[in-house]
Amino acid sequence: MGKKMKKVALIFGITGQDGSYLAELLLKKKYIIHGVKRRSSSANTDRIDHLFDSVNFSNKNFFIHYGDISDGTSTLNIINKIKPDEIYNLAAQSHVRVSFDVPEYTADITALGALRILESIKILNLRKTKYYQASSSEMYGLVGKRKSLNEKTPFHPRSVYGVSKVFAYHAAVHYREAYGIFASNGILFNHESPRRGPTFVTKKIVQGLVRIKKGLQKKLTLGNLYAIRDWGHAKDYAVSMWKILQHKKADDWVIATNKENTVKNFVNLTAKKLSLRIKWVGKGLNEKAINIETKKVIIDLDKKFLRPTEVDFLKGDFSKARKKLKWKPVITTNELIEDMIEEEILK
Ligand code: NAP
Ligand code: GDD
């Protein structure tokens with residue numbers, strides 16, 4: 001019997017939070033991994049430096065290529081060179097608030113970038129290549145009833161980021177239907193980790209409160225405290241991405257925890273774990289949290305962190321993934337917060 005060939009995966013967005021966890025998972029599964037990294041003037045490989053030789057950009061199963069999904073030619077060339085078994089498109093301008101400031105750029109990367117990859121698979125006639133699209137719960141946007149959302153819930157995006165993700169979602173479905181490409185959508189609800197970017201709310205809260213506890217920062221300023229999110233751990237969600245591409249047929253999948261928390265709850269849980277006793281006072285934009293021991297205001301609000309249109313409620317029903325993919329989240333919200341605090345405290 002000949003030796004089994006290793007599977008080859010190509011990851012766009014390898015330097016991001018999810019790219020790093022997915023790369024770790026696939027290396028454990030003995031894949032050969034190719035990742036696409038953008039050129040930047042400062043280092044952007046912090047999250048994956050432990051996986052490869054950052055000077056020569058490789059280890060024997062892990063290779064990094066310069067590329068950008070705004071550049072159709074380079075995207076096609078990389079896919080042609082590697083002819084991967086699996087492509088994971090995790091690349092995006094992924095910040096919802098930023099998409100209000102840079103809408104055209106967001107659409108170019110988050111919507112058209114996905115199309116460029118799908119079109120490359122089509123042009124190169126890669127019949128065996130499977131495609132994963134990082135779709136998002138942000139696509140649901142304005143939801144009527146506050147109930148768990150599933151694969152059948154209609155989309156009503158509230159930002160150009162959400163609109164772009166809806167485009168990329170439908171592009172994947174369309175290339176599946178029109179050209180028979182194995183293209184699947186993972187509709188992932190918010191997922192966080194110690195590797196989360198510092199301007200997303202969970203990381204901002206954990207980093208801010210740890211720094212306040214250490215005496216390195218006086219105050220944390222936030223926006224809407226009452227948005228409800230379904231927060232999971234990125235490590236669990238990387239497993240779902242892989243499972244989605246191992247399923248016998250291409251399909252669309254909600255990945256979530258089916259638990260809800262407000263931003264304010266997340267603050268309270270984090271403060272409690274840090275033994276910071278806080279009391280909330282005031283209303284609207286004047287709401288503040290006071291440190292009971294020092295009597296000082298340690299959290300206040302600023303309208304610059306509000307969005308012109310907000311997504312008030314996101315909670316996902318992942319029963320299809322549980323049943324057919326045998327996927328479920330393992331890490332609880334409490335454990336997620338502990339993991340994030342632990343890393344932040346060591347800094
Ligand atoms: P992230 O940390 O912001 O990572 C985004 C990745 O995309 C980074 O590697 C970034 O590179 C890369 N990228 C940005 N523009 C690019 C371009 N023009 N060409 C090539 N690469 C580019 O996001 P994440 O949290 O890991 O999320 C991964 C994906 O899942 C994103 O598509 C996001 O929209 C989606 N998603 C995330 C969540 C969540 O809660 N985390 C939920 C649902 C869906 P740099 O490092 O150089 O910036
Ligand atoms: N970023 C941020 N900063 N958000 C704040 C703040 C703040 O100071 N204060 C309150 N919020 C509220 C936001 O208004 C939003 O309702 C909620 O906290 C979560 O914001 P983010 O952490 O920025 O995440 P998001 O839900 O907008 O988007 C994330 O999840 C999507 C999946 O639903 C991103 O990871 C997207 O890429 C992802 O698709």
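In the predicted model, strand S1 (residues 8–12) runs parallel to S2, and the two are joined over 5 bridges. Within this pair, Val8 of S1 faces Ile32 in S2. Strand S2 is mostly covered, with 5 of its 6 residues buried. The loop between H1 and strand S2 (32–37) contains Lys30. Lys30 adopts a positive phi of about 70° although it is not a glycine. Most residues other than glycine have a negative phi. The relative accessible area of Lys30 is 55%, so this residue is classed as exposed. A positive phi is also found at Ser275, again not a glycine, with a value of about 55°. Ser275 belongs to the loop that links helix H8 (263–273) to strand S14 (278–281).

The largest nonpolar core comprises 51 residues. Within this core, the residues with the most contacts are Ile11, Leu22, Leu26, Ile33, Phe62, Tyr88 and Tyr132. Helix H7 (residues 234–246) supplies the largest share of the core, 7 residues. A second core, separate from this one, has 26 residues, among them Val210, Leu220, Trp231 and Ala289. In soluble globular proteins, nonpolar side chains tend to be buried together. Leaving aside residues up to four places away in sequence, Tyr132 touches Ile87, Tyr88, Asn89 and Leu90, together with Ser184, Gly186 and Leu188. The contacts of Tyr132 further include Met241, Ile244 and Leu245.

Two packed helices are described by the angle between their axes and the distance between the axes. For helix H1 (residues 17–28) and H7, the axes come within 9 Å and cross at roughly 65°. This crossing of H1 and H7 is right-handed. On the H1 side, the contact is formed by Gln17, Asp18, Tyr21, Leu22, Leu25 and Leu26. On the H7 side, Ala234, Lys235, Ala238, Val239, Met241 and Trp242 take part. Sorted by class, the residues in the contact of H1 with H7 are 9 nonpolar, 1 polar and 2 charged.

Strands of a sheet pair through backbone hydrogen bonds, either parallel or antiparallel. An open sheet with mixed pairing is built from 4 strands in the order S9-S16-S15-S14. Strand S9 (220–222) and S14 occupy its edges; each has a single partner strand, so one side of each lacks a neighbour in the sheet. From one strand to the next, the twist averages 20°. S9 pairs with strand S16 (residues 297–301) in the parallel sense over 3 bridges, and Leu220 has Ile299 of S16 as its bridge partner. Helix H6 (residues 201–213) packs on this sheet, where it touches S9 and S16. The direction of H6 makes about 160° with that of S9. H8 likewise packs on the sheet and touches S9, S14 and S16, its direction making about 155° with that of S14.

Helix H5 (residues 160–179) contains Arg176. Arg176 has a relative accessible area of 19% and therefore counts as buried, the cut-off being under 20%. Not counting residues up to four places away in sequence, Arg176 touches Ile181, Ala183, Ser184, Ala250, Asp251 and Asp252. The C-alpha atoms of Arg176 and Lys130 are separated by 10 Å, with the two residues 46 apart along the chain.

Terms used: Residues numbered from 1 in each chain as written. Chains lettered and ligands numbered in written order. Predicted model: local features only at pLDDT ≥ 70, side-chain atom pairs only at ≥ 80, totals over all residues. Heavy atoms only, no water. Core = buried A, V, L, I, M, F, W, Y, C linked by side-chain atoms within 4.5 Å. Buried < 20%, exposed > 50% of the residue type's maximum accessible area, 1.4 Å probe, protein only. Contact = heavy atoms within 4.5 Å. Axes fitted to C-alpha atoms, helices over the stretch in contact; angles between N-to-C directions. Left-handed = near helix turned anticlockwise from the far one by under 90°. Nonpolar A, V, L, I, M, F, W, Y, C, P; charged D, E, K, R; others polar. Pairing = 2+ DSSP bridges.
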